[in-house]
There are 2 protein chains.
Amino acid sequence: MAIEKFKTVVKSVEGLQVSCKSRGFEFILDEPKNLGGTDTGMNPVEALLGTLGACKVIVAKSFARLHHIKLNDIRIELEGDLDVDGFMGKNPDAKIGFSRISSQIYIDADNTVEEIEKFVEFINRTCPVADTIENAPVMETVIIKEP
Amino acid sequence: MAIEKFKTVVKSVEGLQVSCKSRGFEFILDEPKNLGGTDTGMNPVEALLGTLGACKVIVAKSFARLHHIKLNDIRIELEGDLDVDGFMGKNPDAKIGFSRISSQIYIDADNTVEEIEKFVEFINRTCPVADTIENAPVMETVIIKEP
């Protein structure tokens, strides 16, 4: 076991703007105006798609050589379906989060289609963000009342 | 049904650096040097924790008034456990993604502890990113060989 602990701190900024910080790095998320925000950053579900695609791209680039894939370039376009009536409380039967996530993986590699397909299967099962979504971790919450 | 489609495009930059773009917004992810990157941004699993925390903060701020919570401030510290031996291919039994995510929610609100606890339960079950992790969506992949 080589358990590493990854940490991120999330703070309210103003309106629905939120700062996400991990180690020295930060990004700002917000909501578009039709979802109550001021549209100063992508929203959490768009960012979630980004982390999923980024994780797959990093797995691809980390393991291409080992799998004899001559990877020239990779790009992923992700699309997620979300029934906003669930989140908005307008439909108690609607799933709250994504019901479907589809990934179009554009790969430029000096390999056969079969080799590329096999490599994409490897990427999908070796991606930590994909695994976190497909095999839910234990989720714990502790509440601290301030000040 | 009010299905909205959210889209994000992920591109390889250089090394393990990745650009995530949605609408006009972008953030860069990378890996620390011990995981093969050049440490120019947080990594996808840290960013995943950020999207989860951000989503909960936005739900809290969007619905506080409706739930009679006088919310002055909210901050979430998230920690995720990940056995990197799984991702690295060193241990076939290790879970690839997070095995545990814990959230410490710091809430400053002019309410009782019981009211705050009830509100946090609402947040946890109304958060689209949490639901996506806890109730996996259908995941589809299409491969496009380029050029």
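Let's start with one pair of residues: A:L78 stands opposite B:T8 in β1(B). So we begin right where two chains meet, and I should say straight away that this is a predicted model. Follow the strand along and you find another such pair, with A:R75 having B:K11 as its bridge partner in β1(B). Both pairs belong to a longer match: strand β4 of chain A, residues 71-83, and strand β1 of chain B, residues 3-12, run antiparallel and are joined by nine bridges.

Now stay on B:K11 for a moment. On β2(B), the residue opposite B:K11 is B:S19. That takes us to the next strand over, since β1(B) pairs with β2 of chain B, residues 18-22, in the antiparallel sense over four bridges. The two strands form a hairpin with five residues between them, and in the turn B:G15 has a positive phi of about 60 degrees.

Let's go to the other place where strands of the two chains pair. Here strand β1 of chain A, residues 3-12, and strand β4 of chain B, residues 71-83, are antiparallel over nine bridges. If you want one pair to look for on your screen, A:V9 has B:E77 as its bridge partner in β4(B). On chain A, β1(A) also pairs antiparallel with β2(A), residues 18-22, through four bridges, and there A:K11 stands opposite A:S19. Turning to chain B, β4(B) is joined to β5(B), residues 98-109, by eleven bridges, again antiparallel. Within that pairing, B:I76 faces B:I105.

Which order do the strands take in the open sheet of six? Reading across, we have β3(A), β2(A), β1(A), β4(B), β5(B) and then β6(A), with mixed pairing. The edges are β3, residues 25-29, and β6, residues 138-146, both of chain A, and each of these pairs on one side only. From one strand to the next, the twist averages 20 degrees. As a reminder when you look at any of these strands, side chains in a regular strand alternate between the two faces of the sheet.

Next, the contact between the chains as a whole. How many residues of chain A are in contact with chain B? There are 92, and they meet 92 residues of chain B. On the chain A side, the most comes from helix α1, residues 44-63, which gives 15 residues. By class, that side of chain A has 48 nonpolar, 20 polar and 24 charged residues.

Let's look inside. In soluble globular proteins, nonpolar side chains tend to be buried together. Here the largest nonpolar core holds 72 residues, and A:L52 and B:L52 are the ones with the most contacts inside it. Leaving aside residues up to four places away in sequence, A:L52 touches A:L78, A:I101, A:V129, A:A130 and A:I133. You'll recognise A:L78 there: we opened with that residue, opposite B:T8.

A quick word on domains. Chain A is divided into domain 1, residues 8-42, and domain 2, residues 43-134. Taken over C-alpha atoms, their centres are 23 Å apart. Six residues from domain 1 and four residues from domain 2 make the contact. On the domain 1 side, four of these are nonpolar, none are polar and two are charged.

Finally, a few backbone details that are easy to miss. Most residues other than glycine have a negative phi, and most peptide bonds are trans. A:R23 has a positive phi of about 50 degrees, although it is not a glycine. You'll find A:R23 in the loop between β2 and β3 of chain A. Is A:R23 buried, exposed or partly exposed? A:R23 is partly exposed, because 14 other C-beta atoms lie within 10 Å.

In chain B, B:H68 also has a positive phi, near 55 degrees, and is not a glycine. B:H68 sits in the loop between α1, residues 44-63, and β4 of chain B. With 9 C-beta neighbours inside 10 Å, B:H68 counts as exposed.

And where are the cis peptide bonds? One runs from A:E146 to A:P147, with omega near 0 degrees, and A:P147 lies in the segment after β6 of chain A. Another joins B:E146 and B:P147, with omega about 0 degrees, and B:P147 is in the segment after β6 of chain B, residues 138-146.

Key: Residues are numbered from 1 along each chain as its sequence is written. Chains are lettered from A and ligands numbered from 1 in the order in which they are written. This is a predicted model: local features need pLDDT of at least 70, side-chain atom pairs count only at pLDDT 80 or more; totals for chains, interfaces and linings use all residues. Two strands pair if DSSP finds at least two bridges between them. Domain bounds come from an automatic or database domain assignment. Two residues are in contact if their C-beta atoms, placed from the backbone, lie within 7 Å. Ala, Val, Leu, Ile, Met, Phe, Trp, Tyr, Cys and Pro count as nonpolar, Asp, Glu, Lys and Arg as charged, and the others, Gly among them, as polar. Axes are lines fitted to C-alpha atoms, for helices over the stretch in contact, and angles run from 0 to 180 degrees between N-to-C directions. A nonpolar core is a set of buried Ala, Val, Leu, Ile, Met, Phe, Trp, Tyr and Cys residues joined through C-beta atoms within 7 Å. A residue is buried if 20 or more other C-beta atoms lie within 10 Å of its own, exposed if 12 or fewer, and partly exposed in between; C-beta atoms are placed from the backbone.
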